[in-house]
Amino acid sequence: MVDGDVILKLDEQTARRLSAVAALAGQSVDDYVRTMIVDMLHEDWAEDLRIAADYDQTGDSHSVEEGLAVFDNAVARRFEAKR
């Protein structure tokens with residue numbers, strides 16, 4: 001794959017949904033998928049992989065509500081610091 005070409009086969013429903021989302025974004029399907037992949041590859045996955053490994057070892061997880069509470073508190077602290 002030195003030339004960069006990748007062929008991805010999708011089922012019909014997924015292909016239709018992807019086409020619709022790309023159209024909403026004002027992009028071709030190729031451009032939309034390319035952007036998504038590039039953006040994902042630039043993210044730092046180390047923390048996500050650590051969390052997954054921790055879950056595999058312990059089985060402990062956190063609910064969405066717990067995660068949002070942590071996020072809300074962090075945002076509130078940042079706004080408080082700016083006042």
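In this predicted model, Arg34 counts as partly exposed, because its relative accessibility is 47%, a value that falls between the limit of under 20% for buried residues and that of over 50% for exposed ones. Arg34 also takes part in a salt bridge with Asp31, in which the two side chains meet at 2.5 Å, N to O. Both residues belong to helix H2, where they are three residues apart, about one turn of the helix. Asp31, with a relative accessibility of 35%, likewise counts as partly exposed.

Arg34 is, in addition, one of the residues that line the largest pocket, for which a volume of about 370 Å³ was computed. Beside Arg34, the lining includes Gly4, Asp5, Val6, Leu8 and Leu10, as well as Ala15 and Leu18, and it also takes in Val29, Asp30, Val33 and Ile37. Two helices, H1 (12-24) and H2 (29-42), each supply at least two residues of this lining, and the largest share, five residues, comes from H2. In terms of chemical character, the lining of the largest pocket divides into eight nonpolar residues, one polar residue and three charged residues. The polar member is Gly4, because Gly is counted among the polar residues, whereas Asp5, Asp30 and Arg34 are the charged members, because Asp and Arg are counted as charged.

Ala15, another residue of the pocket lining, has its place in helix H1. Its relative accessibility of 32% means that Ala15 counts as partly exposed. Between the C-alpha atoms of Ala15 and Val38, which are 23 residues apart along the chain, the separation is 20 Å.

Helix H1 also holds a salt bridge, formed by Glu12 and Arg16, with the closest N and O atoms 3.2 Å apart. Because Glu12 and Arg16 are four residues apart in helix H1, about one helical turn separates them. Glu12 counts as exposed, since its relative accessibility is 63%, and Arg16 is exposed as well, with a relative accessible area of 51%; both values satisfy the requirement of over 50% that defines an exposed residue.

A search of the whole structure finds three salt bridges. Besides the pair in helix H1 and the pair in helix H2, there is a salt bridge between Arg50 and Glu47, whose side chains meet at 2.8 Å, N to O. These two residues lie in helix H3 (residues 46-58), and because they are three residues apart there, they are separated by about one helical turn. Arg50 is partly exposed, with a relative accessible area of 46%, and Glu47, at 41% relative accessibility, also counts as partly exposed.

On the surface of the model, a nonpolar patch is formed by Val64, Leu68, Phe71, Val75 and Phe79, which together have about 500 Å² of accessible area. Phe71, one of the residues of this patch, lies in helix H4 (residues 64-82). With a relative accessibility of 51%, Phe71 counts as exposed, because this value is over the 50% limit.

Helix H4 also contains Ala69, which is partly exposed, with a relative accessible area of 38%. The C-alpha atom of Ala69 is separated by 30 Å from that of Val21, and the two residues are 48 residues apart along the chain.

Methods
Residues numbered from 1 in each chain as written. Predicted model: local features only at pLDDT ≥ 70, side-chain atom pairs only at ≥ 80, totals over all residues. Heavy atoms only, no water. 1 Å grid on protein atoms, 1.4 Å probe; cavity = no way out; pocket = protein on both sides within 12 Å on 5 of 7 lines; lining within 4 Å. Points joined across faces, edges and corners; volume = space filled by probe spheres on them. Patch = residues over 30% accessible without salt bridge, like charges linked within 9 Å, V, L, I, M, F, W, Y side chains within 5 Å. Areas by Shrake-Rupley, 256 points an atom, 1.4 Å probe, with all protein chains shown as cover. Salt bridge = Lys/Arg side-chain N within 4 Å of Asp/Glu carboxyl O. Buried < 20%, exposed > 50% of the residue type's maximum accessible area, 1.4 Å probe, protein only.
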